[in-house]
Amino acid sequence: MITVERLTRKYGAFTAVDDISFVCQPGRVTGFLGPNGAGKTTTMRVMVGLTPATAGSVTIGGHHYHDIPNPGRHVGVLLDASAQHGGRTGREVLELGALSMGLPKTRVDEMLEMVSLTQAEAKRRIRNYSLGMKQRLGIAHALLGDPSVLILDEPANGLDPAGIRWMRGLLKGYAERGGTVLLSSHLLHEVEQIADEMILIGNGRIVAQGDKKSLLANAATGGVHSFATSLDNEALAAALTAKGVTVTSAGDGLRVDAETVEVGRTALEAGVVLTDLRNGEGGLEDLFLELTAETQRETVA
Amino acid sequence: MSTATLTPALDVSGTAPTPFSRLVRTELRKTYDTRSGLWLLISIAVVTALVMVIQVSVALAQDLEVGFNDFLTSTSFSIGFLLPVLGILLLTSEWSQRTAMVSFSLEPRRTLVIVAKLVVGIIYAVAAVLVTLLLATVCTAVFDALSDIPADWDFTVKQTLLFLLLQVFGMLTGFAFAALLLNSPAAIVLYFAYSFILPTIFGIGAELIGWFHDIQPWIDFNNAQVPLFDTDGSVSGQEWAHLAVSGVIWLVIPLVIGFWRVLRAEVK
């Protein structure tokens with residue numbers, strides 16, 4: 001539903017978005033993932049016409065955003081939950097949105113209920129809101145016009161764990177009903193739990209895209225690893241090293257560059273009791289850090 | 001990737017574009033739905049009333065003669081400079097509060113949003129004139145009742161219209177400066193420099209430089225507006241010409257550049 005074609009945005013000599021193309025399909029949640037300053041926000045701003053593109057284009061369901069009549073009814077946008085007048089109440093923000101989109105006032109109460117903002121909270125001024133409350137309000141504002149496409153920039157930012165779980169359910173349900181969702185994040189675990197499809201961006205370029213499985217398959221070069229803790233780590237490490245497997249200590253246990261089955265077999269042979277053995281869940285994280293390494297502010301040790 | 005997948009189209013045929021009247025209503029509501037906005041409107045009315053109350057008190061105490069027209073003239077100390085400030089804040093508050101992001105994503109036809117704000121400014125100028133006429137009537141009546149000197153009620157419809165035009169010009173000038181700078185403090189400073197410092201500079205220039213004396217009426221918009229309230233409602237053809245030419249310089253040009261800037265600006 002959202003089609004980005006060879007999009008480039010330059011600021012003088014700096015290229016914020018560098019010739020990127022991708023598609024967000026309806027019925028799916030697309031995660032837009034990248035470190036700070038990778039170009040996620042710029043791309044989303046171009047999508048809704050707030051930033052002009054230097055080259056390339058974005059269409060939503062075949063239309064340029066500018067050509068969509070009353071766009072709030074078709075595309076729900078949350079780019080910055082803090083970009084609201086601090087002196088307005090939460091309810092007033094939604095009522096202004098409803099007025100502008102031509103919606104009945106009852107819609108405001110429905111949305112407040114949906115994002116779990118109480119009537120008392122809705123009467124407070126936004127300058128007294130926490131970031132999490134602003135995010136809820138922003139999501140309510142984006143959903144106000146019952147759009148079929150959602151564009152959310154860092155929506156989980158500032159939400160508490162329960163709030164993140166709630167949002168995950170909300171967006172999954174929304175996509176299951178046929179909606180198109182694009183959400184950005186710089187936190188991998190936030191996205192990998194929600195997104196059906198992931199687009200990894202670094203330095204303004206797409207470094208990888210696909211679902212979690214295919215991304216991991218492509219990252220096979222990154223190597224599988226597992227974490228093991230046993231009653232005798234030294235003996236286990238020695239046995240693994242003897243097999244030519246690289247072992248490093250990690251916290252109370254070991255980080256082993258081998259699959260769990262291999263570690264289990266070695267422990268059995270060496271007669272060491274394993275107390276914990278699991279897959280290196282960091283597979284995707286390693287991939288993410290590796291792919292975006294050049295753009296990271298901190299080098300990965 | 002799945003390049004073969006056909007992107008489903010978004011059916012927008014059933015959606016009507018946002019009507020302009022709704023944009024105006026939205027923009028109007030934004031002017032009074034915050035405490036700061038509401039108090040700005042209230043203080044404009046209060047200051048206007050206060051200036052007239054002082055005027056009527058002084059006139060009564062010192063047995064001076066005042067008329068309806070005098071009460072309107074005194075508004076140069078109230079709505080005369082508060083309406084332009086309102087015109088400035090109408091526009092710049094969207095930038096200082098960053099709500100322009102929401103406004104322009106709900107209505108990407110930015111020209112319409114800005115024109116809606118302009119209409120709201122004119123609505124307030126008309127409202128301010130109505131309130132002023134009412135207050136002036138009350139003050140004139142009070143003076144008439146309490147003073148031995150009979151009040152001068154003389155004020156024509158034409159004068160009323162010129163007075164309205166004056167207030168609309170003031171508001172628009174503020175709005176134009178705001179569009180040019182998109183920053184509240186900068187636009188307010190520019191407006192006050194324009195209305196309080198510039199006339200002095202123009203005056204000195206006209207005094208000392210011969211040729212400047214000749215062109216000053218054509219470039220001094222402040223001065224060109226004087227006939228709108230200084231006379232008995234008769235503005236000469238040349239005075240209208242001065243008003244038109246200086247108005248293009250101080251009102252139309254900043255407004256056009258400002259519009260162009262807002263349309264092209266990256267909204268952050």
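I looked up Arg9(A) first and found Val17(A) of β2(A) opposite. The model I am reading is predicted. Arg9(A) belongs to a strand pairing that I then traced: β1 (residues 2-11) of chain A runs antiparallel to β2 (residues 14-24) of chain A, with seven bridges. The two strands make a hairpin, and two residues sit between them. I checked the turn and noted a positive phi of about 60 degrees at Gly12(A).

Next entry, further along chain A. I found β8 (residues 197-202) paired with β9 (residues 205-210), antiparallel, over five bridges. I looked up Met198(A); its bridge partner in β9(A) is Gly210(A). This hairpin also has two residues between its strands, and here Asn203(A) takes the positive phi, near 60 degrees.

Then I turned to the contact between the chains. I read 39 residues from chain A and 31 residues from chain B. On the chain B side, the elements giving two or more residues are α1 (20-30), α2 (35-61) and α5 (100-106). I sorted the residues of that side by type: 13 nonpolar, 10 polar and eight charged.

Last entry, the record for chain B. An unreviewed UniProt entry lists residues 38-59, 71-91, 112-143, 163-182, 189-212 and 240-263 under "transmembrane region". I checked two of these spans in the model. Residues 38-59 of chain B are 100% helix and 0% strand, with end C-alpha atoms 32 Å apart. Residues 189-212 of chain B are 96% helix and 0% strand. For that span I noted 25 Å between the end C-alpha atoms.

Methods
Residues are numbered from 1 along each chain as its sequence is written. Chains are lettered from A and ligands numbered from 1 in the order in which they are written. This is a predicted model: local features need pLDDT of at least 70, side-chain atom pairs count only at pLDDT 80 or more; totals for chains, interfaces and linings use all residues. Two residues are in contact if their C-beta atoms, placed from the backbone, lie within 7 Å. Helices (H or I, at least four residues) and strands (E, at least two) are DSSP runs, numbered from the N terminus. Ala, Val, Leu, Ile, Met, Phe, Trp, Tyr, Cys and Pro count as nonpolar, Asp, Glu, Lys and Arg as charged, and the others, Gly among them, as polar. Two strands pair if DSSP finds at least two bridges between them. UniProt positions are given in the numbering used here, feature names are shortened, and annotations may be inferred rather than shown by experiment.
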